[in-house]
Amino acid sequence: MLNYYDPKQTPAPQHFLPERDYGTPARLSETLVSLEIDGVAITVPEGTSVLRAAALADINIPKLCASDNLEAFGSCRLCAVQIEGRRGLPASCTTPVAAGMQVTTQNARLAKLRRNVMELYISDHPLDCLTCPANGDCELQDMAGAVGLREVRYGFDGDNHLDAETDDSNPYFSFDPSKCIVCSRCVRACEEVQGTFALTIEGRGFESKVAAGQSEAFMDSECVSCGACVQACPTSTLMEKSVIEQGQPEHSVVTTCAYCGVGCSFKAEMQGDRVVRMVPYKGGDANHGHSCVKGRFAFGYATHPDRLKTPMIRETIDQPWREVGWEEAIAFAAERLKAIQARYGRESIGGITSSRCTNEETYLVQKLVRAAFRNNNTDTCARVCHSPTGYGLKTTLGESAGTQTFDSVMQADVIVVIGANPTDAHPVFASQMRRRLRQGAELIVVDPRRIDLLKTPRHRGAQHLALRPGTNVAMINAMAHVVISEGLEDREFIAKRCDAAGYQAWREFILDPRHAPENVEAITGVPAEQVRRAARTYAQAPNGAIYYGLGVTEHSQGSSMVMGIANLAMATGNIGREGVGVNPLRGQNNVQGSCDMGSFPHELPGYQHVGDPAVRERFEAAWGVPIDDEPGLRIPNMFDAAVAGDFKALYVQGEDIAQSDPNTQHVEEALRSLECLIVQDIFLNETAKFAHVLLPGSSFLEKDGTFTNAERRINRVRKVMPPLAGKQDWEVTIDLANALGYPMHYDHPAQIVDEIASLTPSFTGVSYARLDALGSIQWPCNAAHPEGTPTMHVEDFPIGLGQFAITDYVASDELSNRRFPLLLTTGRILSQYNVGAQTRRTHNQAWHDEDVLELHPADAELRGVRDGDWVGITSRAGQTVLRARISDRMPPGVVYTTFHHPGSGANVITTDSSDWATNCPEYKVTAVQVEKVSQPSAWQRQFQTFDRLQLQLLRGARDEAARPPAAERANE
Ligand code: SF4
Ligand code: SF4
Ligand code: SF4
Ligand code: FES
């Protein structure tokens, strides 16, 4: 029976501002301490501060320099208390509780002290409260009220900081030092929460002041604009420009960031249906109140003038668009799809789901393909990023997902990061990792580049295995060889948890001398002793955790490498408890979810194979149609079939294949070959320029649903404003299904989740009501795990025993040769997101307004290339031109670029070489030549012409729609 969630009866939690601040962080000690505060008895964990204990007893002690996400500092003295038997008036934020302590928080002596403290602060503070942007949200103002300050005796004419100049260099927040009370909350937030150490307190006594970097402007400093200092500031010194411009928000709704796979929870703080600011939510289980520049500040794209708001259709891609109503656009699309199937057959059409859309939307698109198109031609953008994770982890551990929570890293003694750049791609988790590194965990990075994590402040030296691109499998085999040949394996774990025959076969394979680090050195370029040391460090640690990214999966041996990682973790017993595990860092916000929801052509939701008759029977009974038992086409197969003339129509929701998929020229040829391309997106993206039907999408702020992050955590997405085009994405898919003659009806996404739960064993316990009650849920969530599963494989694996896999190293076809002597690898940077469609329409452009080619100084010198020169990059697939950036982050022989700007054409160069098991493209290894040039490539010139034409055709449609009707024009 469906467990229908009625949003009217079960309102989404509205969190009004501000959230409770308990003054100092929670302590987790199991030893409890009892004391009395103002006569109220309270028992708290040992190590808790008196300030926090009082807050827990609902006794509010005034405070300014303390905050419950920062260690106490004890500088303002406002939180002073009297403790029986102790001399003086100690600061309650830095005083830990003690058994039998008797605390007084209010008396005349304390009141006088606090008033004096406030008087000193106010005497050096502008008295412009009524016009101050923090008016109504200022802790200094609140404290002046709380201590009953009525006069300031010292006057304002002595030395002061009231004329200090404002730093407006950051596009999102300003720094007005005249308002600063030097509480150092910002400095500590930058250190403790973010881990960047960009701020300091310069000078002493009255001269002390906050400075970014070496007294630089914020934009010139190390600051990465995470916003933690702005969040921490009790005054308006550090303040969001959006609040300065628009005023204080009046209500807020908790929702989930739509950028990366960390899945941070935010309070969308609103005035009416306008977002004033996004504030990281302290109750968020993935982020605990932290954020990065994207989720915190880069939300302006949602109301950017480029947003598509009206459906559009056209017969051919060189015709102008015609704006039409929803009904006409849907009817046009459905008629075309039906006609194409009638002419070319059932298999001639397909759909692509989006890892940026919600689980509910993704589920509906694959259901549309299977139930209305009546084939399995559905795939998702995870094909080009983490499909090897699905294959590799399912084969070895029995489940296509990471094993841990993010918080688990706080129990890790050794952290291994392979082919990932968390400070740029998963920044909030990177901050947590850095916190653990500062506490003393060891770090091993396996990556060709010297990623920023290696420069973690206040962390002792990390181990960096700077291997050649494309040699991951050789490296992981060498590490496993060390573990087994030196007897470092966990025999008890292997005997109890793993398949004995499989292990024996793998053991013999891995002991072969060809895997010895000394023999692999020539392949990876990493000295054998470094590999031995890293393998020993990982194997001998009480808890060793592996985190990996696209530098593992986007290879011709991506699936082998994922299995190699799982082999190593099983061999060392690093599975099934906190602090260990195998953890893919998922790129986009809902990559995990789009895979879970049955987007792949061979799997129904919950990774249930279409070839299994019992599975099909359940879905057929629920959906009322027969389901094809043959897997459908993967994205690259769709392109090949389109070019061959066998595949004629495609429905793409929220995915820009023309920019994100490899070998752009082949993709463009495929898109041009289609007779009907239906694109549903919030902008006219690169794919939409080849479309015949444009269905405006809704941003994450405009819809209800759920995202599933890299920890398998299902988080609620809540609608905070009406959809600009009038429909949420799930409603559009329903309309298309109905127009195709397949009846679909849901009133709310909660009903879609109920249907998913009824058909998917790992989701049976998931519902909106339970999500609202628990905040978030990590699947599997079912009768056995009603509140979800934070750590996987604790007792056993879903396949019973862990399966070791043979992972022979096979050199990539892309290995460099005389014609293409360099290896190109691609990736992301912090400020931009994926194809850049969202972040390019925000102030994040200030950090990265073009993609550049990074190359080592020796490679540059050999080619006569100077920093900033235009260079042509040529591979066997194509050529593009970028500006050069000379960087010693790169090893010699390896060049790097990002793919955030469409005109850069990074994917013109990447080839269609792909993972042997899943077809995930080999983005991380392309053999190229680089040379100085003076003009854009032929592809870039052609791109510019086509881009101009398509924008003109779009503008034409908008101008036409804005014109008065012909009759009115005649009267003008
Ligand atoms: S925005 Fe973040 S990185 Fe920048 S100074 Fe503030 S806390 Fe540090
Ligand atoms: S900028 Fe804000 S948080 Fe930082 S020291 Fe000044 S008042 Fe405190
Ligand atoms: S870390 Fe990822 S989920 Fe969190 S705010 Fe940044 S982009 Fe959003
Ligand atoms: S809040 Fe305790 S000293 Fe400032």
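**Exercise 1. Find the residue just after helix H10 that takes a positive phi, and describe the helix before it.**

Step 1. Gly 398 takes a positive phi of about 90°, just after H10. The model is a predicted one.

Step 2. Now turn to the helix. H10 spans residues 387-396, and seven of its 10 residues are buried. Helix H10 is thus named as mostly covered.

Step 3. List the buried residues. They are Ser 387, Pro 388, Thr 389, Gly 390, Gly 392, Leu 393 and Thr 396.

**Exercise 2. State which elements the buried residues of H10 pack against.**

Step 1. Take the strands. The buried residues of H10 pack against E19 (544-548) and E20 (582-584).

Step 2. Take the helices. Those residues also pack against H18 (550-553) and H19 (558-571).

**Exercise 3. Decide how compact the protein chain is for its length.**

Step 1. Count the elements. The protein chain has 31 helices and 34 strands.

Step 2. Compare the radius of gyration with the globule rule. The chain gives 29 Å, close to the 30 Å that the rule gives for 972 residues, so the chain is as compact as a globular protein of that length.

Step 3. Add the box. The C-alpha atoms fill roughly 90 × 90 × 70 Å along the principal axes.

Step 4. Check burial. Of the 972 residues, 62% are buried, meaning under 20% relative accessible area.

**Exercise 4. Describe the charges of the protein chain.**

Step 1. Count the side chains: 93 are positive and 120 are negative.

Step 2. Locate the two sets. Their centres lie 2 Å apart.

Note on methods. Residues are numbered from 1 along each chain as its sequence is written. Chains are lettered from A and ligands numbered from 1 in the order in which they are written. This is a predicted model: local features need pLDDT of at least 70, side-chain atom pairs count only at pLDDT 80 or more; totals for chains, interfaces and linings use all residues. Side-chain values use heavy atoms; hydrogens and water are left out. Helices (H or I, at least four residues) and strands (E, at least two) are DSSP runs, numbered from the N terminus. The radius of gyration is taken over C-alpha atoms; the globule rule is 2.2 Å times the number of residues to the power 0.38. Buried means under 20% relative accessible area, exposed over 50%, partly exposed in between (1.4 Å probe, protein chains only). Lys and Arg count as positive and Asp and Glu as negative; His and the chain ends are not counted. The place of a charge is taken as NZ of Lys, CZ of Arg, CG of Asp or CD of Glu. Contact means heavy atoms within 4.5 Å.
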